[in-house]
Amino acid sequence: MMRATLLLFCVFLITRPAHGQAIDSAGLIRFSDAVLELQNSEFMRSGSLAVSVKAVKEGTNVFALNPERSLPSASTLKLVSTATVLALFGGDFKFQTFLEYDGALRGDTLTGNLYIHGTGDPSLGSDRFKGYPTAPEMIGRWVAAVKRAGIKYIKGKVIGDASFFDKEAVASTWIWGDMGNYYGAGVQGLNFNENLYRVKFKPGVDPGDPTTVLGTEPAIPYLSFTNQVTTGERGSGDKTIIYSSPLGNNVLLTGTVPAGNPVFTVKGSIPDPAWYTAYALKNALSGNGILVAEAEQLPTSPASNPRKIIDEYKSPPLRELCQQANFWSINLFADVFFKQAGKRLSGSSGFDDAATAITGYWSGRGADLRGFYIKDGSGLSPSGSITAGSLTDILSLANKDVSYKDFYQSIAILGQNGTIRNLGKGSRAAGNMHAKSGSIEGTRAFAGYVNAKSGALLGFTIIAHKYVPGSNRVISDSLVKLMTLMAEL
């Protein structure tokens, strides 16, 4: 009882009304009561709950609880990455990818190398964007460009040029259990098909039976698999973990896939996607009668020889890429934006340098970033942390950018689309709240904007950290309840 009374006093001590907006006092009390109920619940007995709600236009506090406590952001950090890249480059920006060659072209023979020169495009070959080429179509486009150039024989290599970004494909703080899985794909200057491949398993008949790896899609014959995956119960779903390094060819498969499926497919991340892209193009060229002298596309430092461009591809506009990143929480996209922003701000795309540059950018604009210790752009790193107040400050500042409309529309709407499409249905928040969800082991978070009942545009961040294991659903439902009550302010 004493804890609840003291906490209630602290909450109201830091609560401020929004100037010019009549925040409903009864609604604020209901919201505060719900926050305190969750904070004092058995589920949060050893954890932390942080809440920050601010009136965006006025920059004033509406409600705060532990707003300066530094906690994992999970995927709400993607809001920082997308807001930053849109502010720096604008929604019309498009990534470019070039097909080039060096050396001399005499007749139909190229004495030199063919290069796929990327500039970081995370959507190259993705099937998410209508009207843009998928991975097989992109390979076909490059083959056609080589044919148009009159090249039938290449006395050199096909090289994936990923030099636009640094060589640090993954953050040093990512964990081994994430990196081989699709959501832990590394970032290069040349990415392809979202750096995704699929492993096809044939489950056994009964739980505990061994499984058989039938192959991969696309085919990547240079990967070597050690398969320890066994058969799980029917309906148990994908419980596999794929272990691989960003540049290695050895892959360890562990966990279970469910019985009752003739074929069960899981997603992995392609080690060294630039190498794979060159490999795929070389094979396609050979299949179309264009011979390549070099048998392997080994990792090569791009030569400084002059090159001639034979194909230039442009990605969908940045606003569309950011929307996909936020709607569906695509780590690869967010980490590309992170590196792109770091390179623009500091000249370096390394994870640590980008983190320092992006922190300095928002701090210089007036955000209070004490306790803001980011490690990447996606929130995948478990050691990265932010404060609820710092993220809400950034959301308020983003509202002042020319790119704000693109940023706002890139965030999913509660109860309607993206990862939050099934949440808050029937409440006033549904259709009135743009929010990014975040989940990492022991942490559940939401952040975004809500058009409140008072007419105020509120920015908010809610983070629950180290709640009782196994209570994910209860915590998620409780946070959604807080968001629905926020809409009534």
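**Strand pairs and cavities**

Q: What makes E9 and E15 count as paired strands?
A: In this predicted model, six bridges join E9 to E15, and the two run antiparallel. Pairing takes at least two bridges, so E9 and E15 qualify. One residue match between them is Tyr197, which sits opposite Gly268 in E15.

Q: How do you know that E9 pairs with E10?
A: Count the bridges again: strand E9, residues 196-202, has five with E10, in the antiparallel sense. The cut-off is at least two, so this is a pair as well. Among the matches, Arg198 faces Glu217 in E10, and Val199 has Thr216 in E10 as its bridge partner.

Q: What holds paired strands together in general?
A: Strands of a sheet pair through backbone hydrogen bonds, in a parallel or an antiparallel way.

Q: Why are E10 and E15 called edge strands?
A: The sheet is an open one of three strands, ordered E10-E9-E15, with antiparallel pairing. Strand E10 (212-217) and strand E15 (264-269) each pair on one side only, which is what makes them edges. As for twist, neighbouring strands here are turned by 30 degrees against each other on average, ignoring direction.

Q: What makes the space lined by Ala169 and Val170 a cavity rather than a pocket?
A: In a cavity, a 1.4 Å probe fits but cannot get out, whereas a pocket is open. The space that Ala169 and Val170 help line is the largest cavity, at about 70 Å³. The structure holds two cavities of 30 Å³ or more.

Q: How do you know that Ser269 belongs to the lining of the largest cavity?
A: A lining residue has an atom within 4 Å of a cavity point, and Ser269 is listed there along with others including Met179, Gly186, Ile270 and Asp272. Ser269 also falls in E15, which spans 264-269.

Q: Why does Asp272 count as charged in that lining?
A: Asp, Glu, Lys and Arg make up the charged class, so Asp272 fits it. By class, this lining has seven nonpolar, four polar and one charged residues.

Q: What makes Gly379 a polar member of the second largest cavity's lining?
A: Gly is put with the polar residues, so Gly379 goes there. This cavity has a volume of about 50 Å³. Its lining has seven nonpolar, five polar and no charged residues, among them Pro72, Leu77, Tyr373, Ser381 and Ile440.

Notes: Residues numbered from 1 in each chain as written. Predicted model: local features only at pLDDT ≥ 70, side-chain atom pairs only at ≥ 80, totals over all residues. Heavy atoms only, no water. Helix = DSSP H or I, 4+ residues; strand = E, 2+ residues; numbered from the N terminus. Axes fitted to C-alpha atoms, helices over the stretch in contact; angles between N-to-C directions. 1 Å grid on protein atoms, 1.4 Å probe; cavity = no way out; pocket = protein on both sides within 12 Å on 5 of 7 lines; lining within 4 Å. Points joined across faces, edges and corners; volume = space filled by probe spheres on them.
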